[in-house]
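Here is a friendly walk through one model, from its ring packing to its overall form. Keep the structure open beside the text as you read.

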Amino acid sequence: MNTMLWFGIMGFTIVISLNAIALLASAANPSTALFFSTDWWGVWFPIYLVWFIFAVTGLGIKLSP
């Protein structure tokens with residue numbers, strides 16, 4: 001498997017896990033962990049975007065001739 005694709009998949013897995021843990025365990029400010037809430041866009045969306053770019057780049061490299 002291509003390294004960029006592997007990093008993208010692993011990054012998504014880690015971020016989804018962290019987001020789920022924050023949603024379940026955060027008593028201080030659970031609104032930042034709620035998917036697609038106003039606070040979520042500022043905290044989690046940039047991280048998801050980075051790993052999405054890694055995965056798409058890796059997929060593009062893997063599928064290119």
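## Rings that gather

Rings of Phe, Tyr and Trp, with the six-membered ring used for Trp, count as a pair if their centres lie within 6.5 Å. In this predicted model, one aromatic cluster is formed by Phe12, Phe35, Phe36, Trp40, Trp41, Phe45 and Tyr48.

A search of the whole structure turns up 10 aromatic pairs. Take Phe12 and Tyr48: their ring centres are 6.2 Å apart and their planes meet at 45°, so this pair is tilted. It links distant parts of the chain, since Phe12 sits in helix α1 and Tyr48 in helix α3 (residues 45–63), 36 residues apart. Phe12 is partly exposed, with a relative accessible area of 22%, whereas Tyr48 has 11% and counts as buried. The cut-off for buried is under 20% relative accessible area, so Phe12, at 22%, does not qualify.

Trp40 and Trp41 make another aromatic pair, this one edge-to-face, with 5.1 Å from centre to centre and 85° between the planes. Which of these two is buried, and which is partly exposed? Trp40 is buried, at a relative accessible area of 3%, while Trp41 is partly exposed, at 40%.

## Asn19 and its surroundings

Asn19 belongs to helix α1, and its relative accessibility of 0% makes it buried. What does this polar side chain meet? The side chains of Asn19 and Tyr48 are joined by a polar contact of 3.3 Å. Tyr48 therefore takes part in the tilted ring pair with Phe12 and also in this polar contact with Asn19.

Setting aside neighbours within four places in sequence, Asn19 is in contact with Ala33, Phe35, Trp40, Trp44 and Tyr48. Among these contacts, Phe35, Trp40 and Tyr48 are also members of the aromatic cluster.

Next along the chain comes Ala20, also found in helix α1. Is Ala20 buried or partly exposed? With a relative accessibility of 31%, Ala20 counts as partly exposed. To get a feel for the helix, look from Ala20 back to Met4: the two are 16 residues apart in sequence, and their C-alpha atoms lie 24 Å apart in space.

## Helix α1 from end to end

Helix α1 covers residues 3–25. The helix has 23 residues and reaches 32 Å from its first C-alpha to its last, close to the 33 Å expected at 1.5 Å a residue. Its buried residues are Leu5, Gly8, Gly11, Val15 and Asn19. What covers them includes α2 (38–43) and α3.

The start of α1 is worth a look too. Asn2 lies in the segment before the helix, and one of its side-chain oxygens comes to within 2.7 Å of the backbone nitrogen of Met4. Asn2 is buried, with a relative accessible area of 16%. A polar atom of the Asn2 side chain also lies 3.1 Å from the backbone oxygen of Gly58. Apart from neighbours within four places in sequence, Asn2 is in contact with Gly58, Ile61 and Lys62.

## The whole protein

Stepping back, the protein has 3 helices and 0 strands, and its elements run α-α-α from the N terminus on. How does its radius of gyration sit against that of a compact globule of 65 residues? Such a globule would be near 11 Å, but the protein has 14 Å. Along the principal axes, the C-alpha atoms fill a box of roughly 50 × 20 × 10 Å.

Buried residues make up 22% of the 65 residues. Of the contacts with a separation of 6 or more, 59% are between residues 24 or more positions apart. The Phe12 and Tyr48 pair, 36 residues apart, is an example of a link between distant parts of the chain.

## How far to trust the details

The mean pLDDT of the protein is 86, and 92% of its residues reach 70 or more. Where is confidence lowest, and where is it highest? It is lowest in α2, with a mean of 83, and highest in α3, at 92. Where pLDDT is low, the predicted coordinates should not be read in detail.

How values were computed
Residues numbered from 1 in each chain as written. Predicted model: local features only at pLDDT ≥ 70, side-chain atom pairs only at ≥ 80, totals over all residues. Heavy atoms only, no water. Helix = DSSP H or I, 4+ residues; strand = E, 2+ residues; numbered from the N terminus. Buried < 20%, exposed > 50% of the residue type's maximum accessible area, 1.4 Å probe, protein only. Phe/Tyr/Trp six-rings, centres within 6.5 Å; stacked < 30°, edge-to-face > 60°. Polar contact = N/O pair within 3.5 Å; in protein donor to acceptor, adjacent residues only side chain to side chain. Contact = heavy atoms within 4.5 Å. Expected span 1.5 Å × (residues − 1). pLDDT = per-residue confidence, 0-100. Rg over C-alpha atoms; globule rule 2.2 N^0.38 Å.
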